[in-house]
Amino acid sequence: MARKHPGSITRRLLFASLTAFPLLLLLTGVAIDRAHTNSLLKAEYDRLKLQFFGLLGAMEWQEGHLVMSERLQEARFTQFRSGLYGVVSSDTGKPLWRSMSSESLKLPEVVIPHRAGQAIHDSVVIEDKAHFSYRYLAIWENEQGGETPLLFSLYVEKTPFLAEQRRFQQQLTIWLGSVLIVAIVLSAAILYWGLRPLRRLAEDLAKLERGDQLALGDNYPRELLAITSNLNQLLDKEQKQRERYRNTLGDLAHSLKTPLAVLRAQDLSSEDRREQLQRMEHIVAYQLQRAVGSGQHSLLRKLDVKPLLNRLCASLNKVYRTKTILFTVEVDASIKIAMDEQDSMELFGNLLDNACKACVQHIHISTREEQQRIQILLEDDGPGISEAQRCELLKRGQRGDQYGTGQGIGLAVVRDIIESYDAQIEISQSKKLGGAKITLTLPS
C-alpha cells in the first residue's frame, strides 16, 4: 500500500492560517457585535427611563383625576403614530392617561408587576411591528395623603434600533473582511520569508545529492544549525570512512609485500612458510579491523584511561623485558575519554610501542584537562625526533619505526584514528626526559 505524502510545510501552514484567521475573526466579530447590541439596548432602555421621568414630572392630580401637562419634554407623545407611546394605568389596569401618539393603536394588555419600584424591560409586537417596552409601578401620594399605585407603560419602535444594528454589522463585516485579506497576504509573505532557510536547505541538499558541493554552509538560522551541523558531521564521517577504506587497502597491500617476498624464496622450510602465512593472517585481520573502526560518536561510552594505559604498559614490559623499561603513569583515575576501546588500544599501543623501541630505560605518561578536552603526554628518554622529521612522520607512507622491526603502518594507524575523532597530535622535545614528547588532545 503506497504511503500518503504529507504535503509541503508551506501548504500546511498556509491552510492552517486560512482556517484559523477566519475563525478568529468570526469569533471577534460575534463578540464585538454582541457588545455593540448590548450597548444599543442599554441606550434604548436608558432613553425610555428618561421618558418615564419626563412623564412623572409632567403629571399632576386635580380633583382626584390625573392631568398631564401639555408641556411634555418629548414631542413625539403628541404626534400621530410617532413610534413612541405612553400609557398610565391604575393597579386594576384601567387607563388613566394615554399619549396622543397611541390613540389609534391597540396596545398590549397591561400586566401589573408584582412589586413597585422595579423597572421591567421587554419586547412586544404592536400591529406587526417590534417594540421595546418599559413598565414601572410607582406609588403616588394623592391630595388626601393616601397612596395610589400607578403603572407607567412606555413603548418605542425597534426600527431605528434594527437599522443601526444592521449598519454596524455591515461596517464590521467590511472592516473584518479587509483585515482578513490583509492578514492572509501578510501571513503568506511571512511564511514565504520565514521558510526561505528551509528552501535553501533543500536546494543545498539537492546540490549535495548531485555532487555539486561537499558540505552544507553555516549561514542558516540558529534553529537549523543543529541539523546542518549534524549533517556535515555525518558527511565528514562518511568521507573519512571512504578514505579509511582506501588507506586500509593500501596498507594491506604494502604490509603483505614482505611476507609474500619471503614465501617466494625456494629454500623455505615448512615451519617458515607456516610462520609467514600466520603473519599474513594477522595483517589481514588487523587491517580489516581498522577499516571498520568506530570513529567519532557523541554517544560512545566513556573510557577510563588509567586502567587501559596500565594494561598496555604491563604487556609491553613483557615484550621488551630485556630493556627493563620503567613506566611512570601519572594519570588521575577519574580521567575518561569518549573513544572506542579498540581504537584506544590501537592508538596508545602503537605510540607506546614506538616509545619502547626508542627509549633507553624510562617512559613517562601524564594527563591534563583543558576546556572539556583531555591531553595525554607520552615522553621517553630516547634520542628524540628531529624537527624536520616530525612533519614527515605524520604523512601517509612515511615510516615512524626506524628500528628495523616494524611494518611501517603504526603512525598511519595513529593518524587515521586521530582524524576520525577530530583529535590532535603534536610531536615535540621532552624537557623532562630529553627524548620525544607526544601530546594527544582527545574529546572528554
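In this predicted model, the second largest cavity is lined by Lys240, Glu243, Arg244, Asn247, Asp416, Glu419 and Ser420. Two elements each give two or more residues to this lining, namely helix H4 (222–264) and helix H9 (410–420), and of these H4 gives the most, with four residues. When the lining is sorted by class, five of its residues are charged and two are polar, while no nonpolar residue takes part. The volume of this second largest cavity is about 70 Å³, and a search of the whole structure finds three cavities of 30 Å³ or more.

The search for disulfides across the whole structure finds zero. The sulfur of Cys356 has its closest cysteine sulfur in Cys359, at 5.6 Å, and because a disulfide requires the two sulfur atoms to lie within 2.5 Å, this separation is too far for a bond. Cys359, for its part, is in no disulfide, the nearest cysteine sulfur being that of Cys356. Both cysteines can also be described by their accessibility: Cys356 counts as buried because its relative accessibility is 0%, and Cys359 likewise counts as buried, with a relative accessibility of 4%.

A further buried position is found in strand E14 (residues 436–443), where Thr439 has its place. With a relative accessibility of 6%, Thr439 falls under the 20% limit and therefore counts as buried. Leaving aside residues up to four places away in sequence, Thr439 touches Gln375, Ile376 and Leu377, as well as Gln424, Ile425 and Glu426.

Conventions:
Residues numbered from 1 in each chain as written. Predicted model: local features only at pLDDT ≥ 70, side-chain atom pairs only at ≥ 80, totals over all residues. Heavy atoms only, no water. 1 Å grid on protein atoms, 1.4 Å probe; cavity = no way out; pocket = protein on both sides within 12 Å on 5 of 7 lines; lining within 4 Å. Points joined across faces, edges and corners; volume = space filled by probe spheres on them. Nonpolar A, V, L, I, M, F, W, Y, C, P; charged D, E, K, R; others polar. Buried < 20%, exposed > 50% of the residue type's maximum accessible area, 1.4 Å probe, protein only. Contact = heavy atoms within 4.5 Å.
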